[in-house]
Amino acid sequence: MTIGLKEIVFVSVALLTTLPCLIVVFSRNVLYSAFALFFTFLGTSGLYFFLDAEFLAIAQVVVYIGGVSVLLLFAILLTKNIDEIRKTNMMSGRRMALAGAAVLALAGSFGYALRGTVWAQGGNSVYPATTLKGLGDLLLSKYLLPFEAVSILLLAVLVGSLVIARRSVK
């Protein structure tokens, strides 16, 4: 097996995703965890590109990096006296051992599932749309009714949240 540029880039992106995850979990500073979460989201977006899921990769960047990470950073930076809090992300030894056992059980079940899975060979995609253009064509032709139903549902949720917010202000 030869190691090419694609494999090197994949390992780099996987490390860019995994190492900040560890910082998010084990850092005692909430600001460091938020910055590491930004890089975790960025690495996840890169992994979506490797899966040929361009829409999910772009949605990951827009929603999680552009929205969630920025919101978290603003919330942390605008919180008054955040430096006085010394017990952020603290975990006792007993809880850490319990979490480690849960992680090992989950990893074992994933390994069991991966070993028993029959993987498809070849480049034939089982997805109906593999590009953004294909996804757009499907959303505006075959799946137009569910697409419009979801948009009406989201509009109803938005109007409902405005009504609830208006009641609480009075």
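The chain in this predicted model is built from 6 helices and 0 strands. Read from the N terminus, the order of elements is simply α-α-α-α-α-α. Of the 170 residues in the chain, 12% are buried. The exposed area adds up to about 13800 Å², and carbon and sulfur atoms account for 72% of that. As for how the chain meets itself, take the contacts between residues at least 6 apart in sequence: 58% of these join residues at least 24 apart.

Part of the exposed surface is a nonpolar patch of about 910 Å². Its members are Phe49, Phe55, Leu56, Ile58, Val61, Val62, Val63, Tyr64, Val68, Leu72 and Leu132. Helix H3, which covers residues 54-77, supplies the largest share of the patch, with 9 residues. One of the patch residues is Val63, and valine 63 sits in helix H3. With a relative accessible area of 45%, valine 63 is partly exposed.

Helix H2 also has a residue that meets some of this stretch. Serine 45 belongs to helix H2 and is buried, at a relative accessible area of just 2%. Leaving aside residues up to four places away in sequence, serine 45 touches Ala57, Gln60 and Val61. Of these, Val61 is also listed among the residues of the nonpolar patch.

A second serine in helix H2 is worth a look. Helix H2 spans residues 30-50, and serine 33 is found there. Serine 33 has 8% relative accessibility and so counts as buried, the cut-off for buried being under 20%. The side chain of serine 33 comes within reach of a backbone atom, namely the oxygen of valine 24, at 3.3 Å.

Turning to the aromatic rings, the whole structure contains 3 aromatic pairs. One of them joins phenylalanine 10 and phenylalanine 50 in an edge-to-face arrangement, with the centres 5.4 Å apart and 85° between the planes. This pair ties together distant parts of the chain, since phenylalanine 10 lies in helix H1 (residues 5-26) and phenylalanine 50 in helix H2, 40 residues apart. Both partners fall in the middle band of accessibility: phenylalanine 10 is partly exposed at 39%, and phenylalanine 50 is partly exposed at 27%.

Another edge-to-face pair is made by phenylalanine 38 and phenylalanine 39, with 5.2 Å from centre to centre and 80° between the planes. Here, too, the rings belong to partly exposed residues. Phenylalanine 38 has a relative accessible area of 27%, while the value for phenylalanine 39 is 39%.

Charged side chains come next. In general, side chains of opposite charge can pair when their charged atoms come close. The model has 1 salt bridge in total. The partners are lysine 133 and aspartate 137, whose side chains meet at 3.0 Å, N to O. That distance fits the salt-bridge cut-off, which asks for a nitrogen and a carboxyl oxygen within 4 Å. The two residues are 4 apart in helix H5 (residues 132-139), so about one helical turn separates lysine 133 from aspartate 137. Lysine 133 is exposed, at 59% relative accessible area, whereas aspartate 137 counts as partly exposed, at 42%.

Definitions and conventions: Residues numbered from 1 in each chain as written. Predicted model: local features only at pLDDT ≥ 70, side-chain atom pairs only at ≥ 80, totals over all residues. Heavy atoms only, no water. Buried < 20%, exposed > 50% of the residue type's maximum accessible area, 1.4 Å probe, protein only. Polar contact = N/O pair within 3.5 Å; in protein donor to acceptor, adjacent residues only side chain to side chain. Phe/Tyr/Trp six-rings, centres within 6.5 Å; stacked < 30°, edge-to-face > 60°. Contact = heavy atoms within 4.5 Å. Areas by Shrake-Rupley, 256 points an atom, 1.4 Å probe, with all protein chains shown as cover. Patch = residues over 30% accessible without salt bridge, like charges linked within 9 Å, V, L, I, M, F, W, Y side chains within 5 Å.
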